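Please read the following points with the sequence and the structure side by side. They are meant as a colleague's notes on a few local features that are easy to pass over.

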Amino acid sequence: MATKTKRLKKNRGEPKGELKTWELRLYVAGQTPKSMEAFSNLKKLCEERLQGQYRIEVIDLLENPALAKGDQILAIPTLVRKLPEPIKKIIGDLSNKERVLVGLNLLPIA
Amino acid sequence: MSFEETSDELTENVGSLGFRLDDLVAQKKISLDYVQIDRSEIEETGEYDLEGLFIRLEHAIASVGAKRVVLDTIETFFSGIPNPAVVRAEIKRLFQWLKNKGMTTIITGEQGEKTFTRHGLEEYVSDCVIFLDHRISEQVSTGRMRVVKYRGSGHDTNEFPFLIDEKGIHVGSLNLLDVYVGPSGVLTGSARLSRETQEKAKDLVRQQDAQIKELDLDRKRKAMEGRIADIRDEFKTEEAEVKKSIKQEKLRQRKVSQDREVMAKIRKAD
């Protein structure tokens, strides 16, 4: 596949098995301001809450339109939580942090 | 692009109408894309648009070199999008985008409460609007269609019954007869029989009407012929009289000239 993906692997020697890995997929269409915004928001959030336990894959549908079908993507940008299951979809530029946390099922910091 | 039936369901359902979608897909004559939207699994956070839909359409169009696009139904799709402002903006953009690509597009939608369509916008951005309706009268259910709008063309504004079967779409006239004697019977059972009886009775009346008219015409013809005979007789009498008088006049003139000759001879003899 000629998918242009950015893989951000952050494994800093966490004990395996104990912590679940978050597999996130961000669908964008070209480098639009909204997409860039979504990516930076997502990265920030993941660093804050999921350090070392996440993987972000960015899929540009302009380069690989066939991939939109698989995850039933319509809105851009869309963030798909592949893991942990169940699959969750969050649409928009992820600027509303609280909603993102709700969408990802992440409890607010105690 | 289907928002309600999956590609498999579609293939099965239109099979009864004689379309083999799986073959057509294999021959790259059609591309099916089932778009599923589950609002409950979507969380909205910040700004977005529906570029993903456009990308999927573009991809589907390009994969078969499509000239025609069907979206069924637009309601299912847009009801899955939480933000009404995005929906309105994207409907407009979608219609314009399809038009710019030169696509002939059929978009099905539901009726709105006060407008033809749910968002009251679709009918304005479309070039043609056909209103479909299903009504039951005398236990007979009939699909009806009406052209509401057809840009750049004159059109009939009446409602017509229609029927879809394996031969295609039949659009009848306002006369119900056309529908039920048409392709393999729309009306069935007693409803059909009663309708047929009614039609037969009407036929009989029409026949009798025709006979009466013919008799009337016969009578008039005879009356006319009688009058012609009278006029002819009258003319004959007149003709005979005129001829007789002409003859008498001629005789009289001849007599006069003979008389003159005789007179002249007598005078010469003097």
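1. Helices and strands are here DSSP runs, a helix having at least four residues and a strand at least two, and they are numbered from the N terminus. Please keep in mind throughout that this is a predicted model.

2. With that numbering, A:Leu94 can be placed in the loop of chain A between strand 5 (88-91) and helix 3 (97-104). The phi angle of A:Leu94 is near 65°, which is a positive value in a residue other than glycine. Is A:Leu94 buried or exposed? The relative accessible area of A:Leu94 is 5%, and the cut-off for buried is under 20%, so A:Leu94 counts as buried.

3. A positive phi is also found in chain B, where B:Gln139, again a residue other than glycine, has a value near 60°. B:Gln139 belongs to the loop that runs between strand 4 (128-137) and strand 5 (140-150) of chain B. The relative accessibility of B:Gln139 is 71%, and because exposed means over 50%, B:Gln139 is classed as exposed.

4. Cis peptide bonds deserve a look in both chains. In chain A, such a bond joins A:Ile76 to A:Pro77, with omega at about -5°, and A:Pro77 sits in the loop between helix 2 (67-70) and strand 4 (78-83). In chain B, a cis peptide bond links B:Asp72 and B:Thr73, with omega at about -25°, and B:Thr73 is placed in the loop between strand 2 (68-71) and helix 4 (74-79).

5. How many aromatic pairs does a search of the whole structure find? Over all chains there is one aromatic pair, formed by B:Phe54 and B:Trp97, whose ring centres are 5.3 Å apart and whose planes meet at 85°, so that the pair is edge-to-face. Because B:Phe54 lies in helix 3 (residues 51-64) and B:Trp97 in helix 5 (residues 84-100) of chain B, the pair ties together parts that are 43 residues apart in sequence. Both B:Phe54 and B:Trp97 are buried, and B:Arg93 lies over the face of B:Phe54, at 3.9 Å from the ring centre.

6. The last point concerns empty space inside the model. There is one cavity of 30 Å³ or more, and the largest cavity holds about 90 Å³ of space. The lining of the largest cavity includes A:Leu74, A:Thr78 and A:Lys89 as well as B:Gln36 and B:Ile81. In that lining, seven residues are nonpolar, three are polar and one is charged.

Conventions: Residues are numbered from 1 along each chain as its sequence is written. Chains are lettered from A and ligands numbered from 1 in the order in which they are written. This is a predicted model: local features need pLDDT of at least 70, side-chain atom pairs count only at pLDDT 80 or more; totals for chains, interfaces and linings use all residues. Side-chain values use heavy atoms; hydrogens and water are left out. On a 1 Å grid over the protein atoms alone, a cavity is a set of points where a 1.4 Å probe fits but cannot get out, and a pocket is an open set with protein on both sides within 12 Å along at least five of seven lines; lining residues have an atom within 4 Å of a point. Grid points are joined across faces, edges and corners, and a volume is the space filled by probe spheres set on the points. Ala, Val, Leu, Ile, Met, Phe, Trp, Tyr, Cys and Pro count as nonpolar, Asp, Glu, Lys and Arg as charged, and the others, Gly among them, as polar. Rings of Phe, Tyr and Trp (its six-membered ring) pair if their centres lie within 6.5 Å; planes under 30 degrees apart count as stacked, over 60 as edge-to-face and the rest as tilted. Buried means under 20% relative accessible area, exposed over 50%, partly exposed in between (1.4 Å probe, protein chains only). A charge sits over a ring if NZ of Lys or CZ of Arg is within 6 Å of the ring centre and within 35 degrees of the ring normal.
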